[in-house]
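Biologist: Before I rely on the descriptive terms attached to this model, I should like to hear the reasoning behind them. Could we go through them in turn?

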Amino acid sequence: MKPIVAIVGRPNVGKSTLFNRIVGRKKAIVEDQPGVTRDRNYADIELGDKSFSLIDTGGFEPISRQRIFIQMKEQCQLAIEEADLIVFLMDGKDGLTPSDKEIASILRRKVKPLLYVVNKIDGPKHEEKVFEFYGVGAETIFSISALHNYGVDDLLTEVLKGLPPSDAEEVEEEITRIAVVGRPNVGKSSLINRILGYDRVIVNENPGTTRDAIDTVMEIGERRYLLIDTAGIRRKKKISLRLEKYSIVEALKSIDRCDVALHLIDSREGVTDQDTKIAGFIQEKGKGCVIVVNKWDLIEKNSDTAKEYTLQIRDELKFLPYAPILFTSCLTGKRVIATIQLVDQVAEEYGKRVSTSHLNDLIEESTKNVPLPSYGKRRVKIYYGTQVSVRPPTFVLFVNYPQRIHVTYQRYLINRIRESLGFKRTPIRLLLRKRGPSRGR
């Protein structure tokens, strides 16, 4: 699990601009008005030999002057709980505000690395604007301009110094790590209890009962599993249930650690925007996935109901075509054991290797059936391919003009690998590398 760095501050101080500057591309929407960031935005950052997950916090939508203050406190509380290091951003043009002081007071209550940063300081001649911000009680304040990249490198150096070591645990290769993820109150804890056969985690109808990720090792036959239960939104007195969207943070943490994610969906609600975000993380991280449609006992059914639901899910989650779908009820236990059977199938393909000769035979056959595009008067050629890693299965193709192989043709090759080499239930990575004919096979 990578350390998490959260950028925190009141509206319109430049959090998304700083996020984009660190990421190196415009991943977050930036507009000159408060409340634009409607959800947390995430990126995996690698600097030197260190890596961390960066969170651009947002999510509060000012409705009235009275609401802003409450929402800021909730936002800061969430950041305190989830982050390993907090970057507290203030606005050098606005000066120190009462809201800044209140946020600083909240952040100081927890013993976590905290960096005080004043944004919109466009150069040395504006440094005098920083002095009043020592009123928040900080010993050191970093002055930056996220827009013009002034002082950002110095800030990142300090961020790297303050990062805790990665807490990624050493897990035996023969154990399958399963993350149970989903929105609050979709039945994550109930599913784990059904699988284990006893109440390992608290089950409650109120969303957010699970307060922390809980790991449980279990054995079924000769197979060993590590079950990772994920917390929904913490139900604490300072945090309203309106902010349940932040359950994504816990899902992100657990997805990072797993081999296969059990993505629970409430059959009564179908695929929500939040479900799509969580599924997107699974796909981006290259993890195996089983889509578990829970509370199936509460749905009025006919002979076509399951088929119709499957079509809807496939339409909503087009980017997870490889993920098997299972309809179950954690309340009655119906088909719960089938989740583990599907996990085994996914995990086997997730860690599978194929020989270079079989792969290249398939590539040769595939390019004959559907010829590669031409590059002017030149032919685009795939000289050879090889599997370079597993979890997920990753293949590298050495070609003369990688940029000329369109994503649709890459998708065609991926589908051929799935169908012909036994990777139907796992994500696949396909990488193209430039190489001349003299170095081919």
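The exchange below takes up the terms used for this model and sets out the grounds for each.

Biologist: What kind of model is this, and what does the chain contain?

Modeller: The model is predicted. The chain has 11 helices and 17 strands, and 54% of its 441 residues count as buried. Among contacts with a separation of 6 or more, 69% join residues 24 or more positions apart.

Biologist: Why is K15 called buried?

Modeller: A residue is called buried when its relative accessible area is under 20%. K15 has a value of 8%, and is therefore buried. This lysine belongs to helix α1, which covers residues 15-23.

Biologist: Which residues is K15 in contact with, leaving aside neighbours within four places in sequence?

Modeller: K15 is in contact with I7, V8, G9, R10, D56, T57 and L89. As for its side chain, a polar atom lies 3.1 Å from the backbone oxygen of R10.

Biologist: What makes the distance between the side chain of K15 and the backbone oxygen of R10 a polar contact?

Modeller: The limit for a pair of N or O atoms is 3.5 Å. The distance from the side chain of K15 to the backbone oxygen of R10 is 3.1 Å, so the pair is within that limit.

Biologist: Why is α1 described as largely enclosed by the rest of the structure?

Modeller: Of the 9 residues of α1, 7 are buried, so the helix is largely enclosed by the rest of the structure. The buried residues are K15, S16, L18, F19, N20, I22 and V23. After α1 comes G24, with a positive phi near 95°.

Biologist: Let us turn to a pair of helices. Why are α10 and α11 called oblique to each other?

Modeller: Helix α10, residues 356-369, packs against helix α11, residues 407-421, at an angle of about 130°. Angles over 145 degrees count as roughly antiparallel and those from 65 to 115 as roughly perpendicular. An angle of about 130° falls in neither range, nor is it under 35 degrees, so α10 and α11 are oblique. Their axes are 10 Å apart, and α10 passes α11 in a right-handed crossing.

Biologist: Which residues make the contact between α10 and α11?

Modeller: From α10 the contact takes H358, L359, L362, E365, S366, T367 and N369. From α11 it takes Y409, Y412, L413, R416, I417, S420 and L421. By class, the residues of this contact comprise 7 nonpolar, 5 polar and 2 charged.

Biologist: How do you know that N360 is buried?

Modeller: N360, which is placed in helix α10, has a relative accessibility of 3%. That value is under 20%, so N360 counts as buried. A polar atom of its side chain lies 2.7 Å from the backbone oxygen of T356.

Biologist: What makes I192 buried and I337 exposed?

Modeller: I192 lies in helix α5, residues 188-196, and its relative accessibility is 1%, which is under 20%, so I192 is buried. I337 is found in helix α9, and its relative accessibility is 52%, which is over 50%, so I337 is exposed. In space, the C-alpha atoms of I192 and V180 are 7.9 Å apart, with their positions 12 residues apart in sequence. For I337 and L196, the C-alpha distance is 9.9 Å and the sequence separation 141 residues.

Biologist: Why are N149 and R335 called partly exposed?

Modeller: Partly exposed residues fall between the limits of 20% and 50%. N149 has a relative accessible area of 34%, so it is partly exposed. R335 has a relative accessibility of 35%, so this arginine is partly exposed as well. N149 is in the loop between β6 and α4, and R335 is in the loop between β12 and α9.

Biologist: What makes the backbone of N149 and of R335 worth a remark?

Modeller: Most residues other than glycine have a negative phi. Phi is positive in N149, near 65°, and also in R335, near 60°.

Biologist: How do you know that the peptide bond from R391 to P392 is cis?

Modeller: The omega of that bond, from R391 to P392, is near 0°. Most peptide bonds are trans. P392 lies in the loop between β15 and β16.

Terms used
Residues are numbered from 1 along each chain as its sequence is written. This is a predicted model: local features need pLDDT of at least 70, side-chain atom pairs count only at pLDDT 80 or more; totals for chains, interfaces and linings use all residues. Side-chain values use heavy atoms; hydrogens and water are left out. Axes are lines fitted to C-alpha atoms, for helices over the stretch in contact, and angles run from 0 to 180 degrees between N-to-C directions. Helices (H or I, at least four residues) and strands (E, at least two) are DSSP runs, numbered from the N terminus. A crossing is left-handed if the near helix is turned anticlockwise from the far one by less than a right angle, and right-handed if clockwise. Contact means heavy atoms within 4.5 Å. Ala, Val, Leu, Ile, Met, Phe, Trp, Tyr, Cys and Pro count as nonpolar, Asp, Glu, Lys and Arg as charged, and the others, Gly among them, as polar. Buried means under 20% relative accessible area, exposed over 50%, partly exposed in between (1.4 Å probe, protein chains only). A polar contact is a pair of N or O atoms within 3.5 Å; within protein, one must be able to donate a hydrogen and the other to accept it, and residues adjacent in sequence count only if both atoms are side-chain atoms.
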